[in-house]
Amino acid sequence: MDAGTMKLKEIESALFGKTPSAEFLAACEADDRAGVQKLVKRYRREQAERERIEALYAYEYAARDEGARMVAGVDEAGRGPLAGPVVTAAVILPFGLFLPGLNDSKKVSAKKRELLYDEIMEKVVAVHVSIVDAATIDRVNIYQATMNGMYEAILSLEPKPDKVLIDAVELAKLPMPSLSIIKGDAKSASIAAASILAKVTRDRLMMQYDAEYPQYGFAQHKGYGTAQHIAALKKYGPCPIHRRSFEPVRSMAGLA
């Protein structure tokens, strides 16, 4: 193909329809048309993103090399807030699935998280999201509540995973091999996907709670201890979704 004689639409199809040859790419880079240069830059960005996402599957590929056919990633959202549930998600992705923008949920905008949530839910092999409410957190403590949610999410997956990758937490009682990865939501595609699902699920729940308890501003801070939230707590006291085992809620509820 001679890039110099091709129209922009034809070049776009050649660049993004399949992997272009090095010669064709070089010809496009030498083309002085502004439209072609934009297409080349877009192609380079997409290739860099594909390489970044592919690198996120290193732990999954290592597990596959060990014989695992199904690898799950697990993460949570909401361990630190003063109100609302802790949400855990377990997800099995197809090996190498390209999810542009996939990353630790804290590094992704709210709008992009919503888009990724829909794409992940559409393309997963298996998924389960577990929600542990504030009352349970108060009863068993936040660490135990998080672990309980993770166990439930993992054991509810169908098909069952052959190996589980977990963000930071050790789950010694799982019936299958597992690996705890520090900052796993930035290192493993499956854990990153789980972090997106957990975060979006929890944020949606907090938006619902905001409609039920509008005086606290849950839509803005999602239950975290911001100045706005603390001020509302001082003015109105705790509501039913506040964690009474957490300070300063405990003191404000007269439980200290």
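So, which order do the five strands of the open sheet come in? Before I answer, keep in mind that this is a predicted model. The order is β3-β2-β1-β4-β5, and the pairing is mixed. Now look at the two ends: β3, residues 126–132, and β5, residues 178–181, are the edge strands. Each has a single partner strand, so one side of each has no neighbour in the sheet. Going from one strand to the next, the twist averages 15°.

Let's go to β1 and β2, residues 71–77 and 86–92. They run antiparallel, and six bridges join them. If you want one pair to click on, take Asp75, whose bridge partner in β2 is Ala89. Packed on the sheet you'll find helix α7, residues 142–155, which touches β1, β2, β3 and β4. The direction of α7 makes about 30° with that of β2.

Okay, on to helix α3, residues 34–55. It has 22 residues and spans 32 Å from its first C-alpha to its last, close to the 32 Å expected at 1.5 Å a residue. Which residues of α3 are buried? They're Val36, Leu39, Val40, Tyr43, Glu49 and Ile53, and they pack against α1 (8–17) and α2 (22–30).

You may have noticed a Glu in that list. Glu49 makes a salt bridge with Arg52, at 2.8 Å from N to O. The two are three residues apart in α3, so about one helical turn separates them. Arg52 has 30% relative accessibility, so it counts as partly exposed.

That brings us to the charged pairs. How many salt bridges does the structure hold? There are 14. Let me show you two that reach across the sequence.

One is Lys163 with Glu66, where the closest N and O atoms are 3.2 Å apart. Lys163 sits in strand β4 and Glu66 in the loop between α4 and β1, 97 residues apart. Is each partner buried or exposed? Lys163 is buried, with a relative accessible area of 14%, whereas Glu66 is exposed, at 61%.

Then there's Arg113 with Asp203, at 3.5 Å from N to O. Arg113 lies in helix α5 and Asp203 in helix α8, so this pair ties together parts that are 90 residues apart in sequence. Here Arg113 is buried at 10% relative accessible area, and Asp203 counts as buried too, at 13%.

And one last thing to look at: Lys9, Glu12 and Arg42 are linked in a network of salt bridges.

Technical notes. Residues are numbered from 1 along each chain as its sequence is written. This is a predicted model: local features need pLDDT of at least 70, side-chain atom pairs count only at pLDDT 80 or more; totals for chains, interfaces and linings use all residues. Side-chain values use heavy atoms; hydrogens and water are left out. Two strands pair if DSSP finds at least two bridges between them. Helices (H or I, at least four residues) and strands (E, at least two) are DSSP runs, numbered from the N terminus. Axes are lines fitted to C-alpha atoms, for helices over the stretch in contact, and angles run from 0 to 180 degrees between N-to-C directions. Contact means heavy atoms within 4.5 Å. The expected span of a helix is 1.5 Å times one less than its number of residues. Buried means under 20% relative accessible area, exposed over 50%, partly exposed in between (1.4 Å probe, protein chains only). A salt bridge is a side-chain nitrogen of Lys or Arg within 4 Å of a carboxyl oxygen of Asp or Glu.
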